[in-house]
Amino acid sequence: MNNEHPLISVVTPVYNAEALVMNAYECLQRQTYPFWEWVVVDDGSTDDSAQRLQQLAQADNRVRYIAQPNSGSAKQPRDHAVCEARGEWILFLDIDDQYVEDEYIEQMWQRHCETDAQIVYPLMSFTETDGRRTLTLPTPDIDTTRVYAGRDLVAATLPDWHIGCNGGLYHRSVWVNLSWPNPRHPIYTNSDEVDERLFLLEAQRVAFAHVNYLYIQHPQSITHHLTLKRFHQLFTDVQLRQIIVEAFGPDSDEYHRMQQKIFNTFRSLLAFYLQHRHAFAQQHDSIDQAFRMHFRLLERQHFSLWNRLRFLDFRSYDAVYAIFKLKYKDINN
């Protein structure tokens, strides 16, 4: 190893993924860039994930297996892995995803060398378990040959993501808001989306490499289940709104985009809740409080006349709730 080819720490959180461990390991073994370590933190798995990882670590000293009690999130074991990493450069690989090219790590590092970027993002494809690709990021409006100031790319994440961040290469100096060993803020299912904006704000230069990261969407994903974690976006929107206000101010284009994001979250999650209200009967009061909090974040001046009329000028949560309740009936009723 030297300055031209430093140690790159590939970090992966694992929970009950014994069937996927070898796929991820073999993906790394195929890489043409030789100076990597795989830092894997097992988040209290109840299957044989730990045994498989221990066997790999015993056979290959590039594999570093670390166990921790279950945290209930991917963020905490991922941050734990970052803290344990020996490299100055951190690369991400979720246990169920794949680097497409054998030159993936090599090309990501080469792009950093060309641009002096603190973050390098790949091209990211969302892929179903049957192989169908449903979305590829960045979207065509993003010039992947450019080098961006990190804060300028925040707008490309609001209200929707125009860039793909999974599988990115980061200098560890931009990795802020670590939750290990003690979380600074409440951790939610999608806390990584808040973190990513913080990373961008920290990075002076961000570039894209023309290699492909496959994000494989599974039926067992949290987005396919009736669980309270489906509503975590209501709380992370609160965190993200504060970040945008502090970084850009309440009169900025970024804040206007944030308002659109809050609106989209409120509308989609309230419709989802009312369609599946039977599954959350025991948690109705707490969910209702979360929606009321979220509704209060909406500022009418950021919306079109049409949306202001549809949402009664954002003046009454109870009235909007009643309209939604008529439109979106519990599918089990």
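Which residues make a nonpolar surface patch of about 400 Å²? Leu-305, Trp-306 and Leu-309 make it. The model is predicted. Leu-305 is found in helix α10, which covers residues 305–310. Its relative accessibility is 61%, so Leu-305 counts as exposed.

**After helix α10**

The loop between α10 and α11 (317–327) holds Leu-312. Asp-313 is placed in the loop between α10 and α11 as well. Leu-312 is not a glycine, yet its phi is positive, about 55°. Asp-313 is not a glycine either, and has a positive phi of about 60°. Leu-312 counts as partly exposed because its relative accessibility is 35%. Asp-313 counts as buried, at 16% relative accessibility. Asp-313 also belongs to a network of salt bridges that links it with Arg-300, Arg-308 and Arg-315.

Helix α11 contains Leu-326. Leu-326 has a relative accessible area of 68%, so this residue is exposed. Its C-alpha lies 9.3 Å from the C-alpha of Leu-274, while the two residues are 52 apart in sequence.

**Helix α1**

Helix α1 spans residues 21–29, and its buried residues are Val-21, Ala-24, Tyr-25, Cys-27 and Leu-28. Why do they lie on the same side of α1? Because they cover an arc of only 155° around the axis. What do these buried residues pack against? Their strand partners are β1 (8–14), β2 (36–43), β3 (63–68) and β5 (98–99). Their helix partners are α2 (49–59) and α4 (104–115).

**Strand β4 and its neighbours**

Strand β4 covers residues 89–92. Trp-89 and Leu-91 point one way from the strand, and Ile-90 and Phe-92 point the other way. Are these residues buried or exposed? All are buried.

β4 is joined to β1 by four bridges, and the two strands run parallel. Here Val-10 stands opposite Leu-91 of β4. β4 is also joined to strand β8 (residues 169–171), by three bridges. This pair runs antiparallel. Trp-89 has His-171 of β8 as its bridge partner. Leu-91 and Trp-89, which point one way from β4, thus appear in both pairings: Leu-91 opposite Val-10, and Trp-89 with His-171.

**Cis peptide bonds**

The peptide bond from Leu-137 to Pro-138 is cis, with omega near 5°. Pro-138 sits in the loop between β7 (133–137) and α5 (150–154). Trp-180 and Pro-181 are also joined by a cis peptide bond, with omega of about 5°. Where does Pro-181 lie? It is in the loop between β8 and α6 (191–202).

**Salt bridges**

Side chains of opposite charge can pair when their charged atoms come close. How many salt bridges does the structure hold? There are 17. Three of them are listed here.

| Pair | Closest N to O |
|---|---|
| Glu-114 and Arg-111 | 3.3 Å |
| Asp-237 and Lys-261 | 2.7 Å |
| Arg-257 and Asp-253 | 2.8 Å |

Asp-237 and Lys-261 form a salt bridge between helices, with closest N and O atoms 2.7 Å apart. Asp-237 lies in helix α7 (residues 232–248) and Lys-261 in helix α8 (residues 253–275), so the pair ties together parts 24 residues apart in sequence. Are the two partners buried or exposed? Asp-237 is buried, because its relative accessible area is 0%. Lys-261 counts as buried too, at 6% relative accessibility.

Glu-114 and Arg-111 both lie in helix α4. They are three residues apart, about one turn of the helix. Glu-114 counts as exposed, at 51% relative accessibility. Arg-111 is buried, with a relative accessible area of 15%.

Arg-257 and Asp-253 belong to helix α8. They are four residues apart, so about one helical turn separates them. Arg-257 is partly exposed, with a relative accessible area of 28%. Asp-253 counts as partly exposed, at 42% relative accessibility.

Technical notes: Residues numbered from 1 in each chain as written. Predicted model: local features only at pLDDT ≥ 70, side-chain atom pairs only at ≥ 80, totals over all residues. Heavy atoms only, no water. Patch = residues over 30% accessible without salt bridge, like charges linked within 9 Å, V, L, I, M, F, W, Y side chains within 5 Å. Areas by Shrake-Rupley, 256 points an atom, 1.4 Å probe, with all protein chains shown as cover. Salt bridge = Lys/Arg side-chain N within 4 Å of Asp/Glu carboxyl O. Buried < 20%, exposed > 50% of the residue type's maximum accessible area, 1.4 Å probe, protein only. Arc of directions from axis to C-beta. Contact = heavy atoms within 4.5 Å. Pairing = 2+ DSSP bridges.
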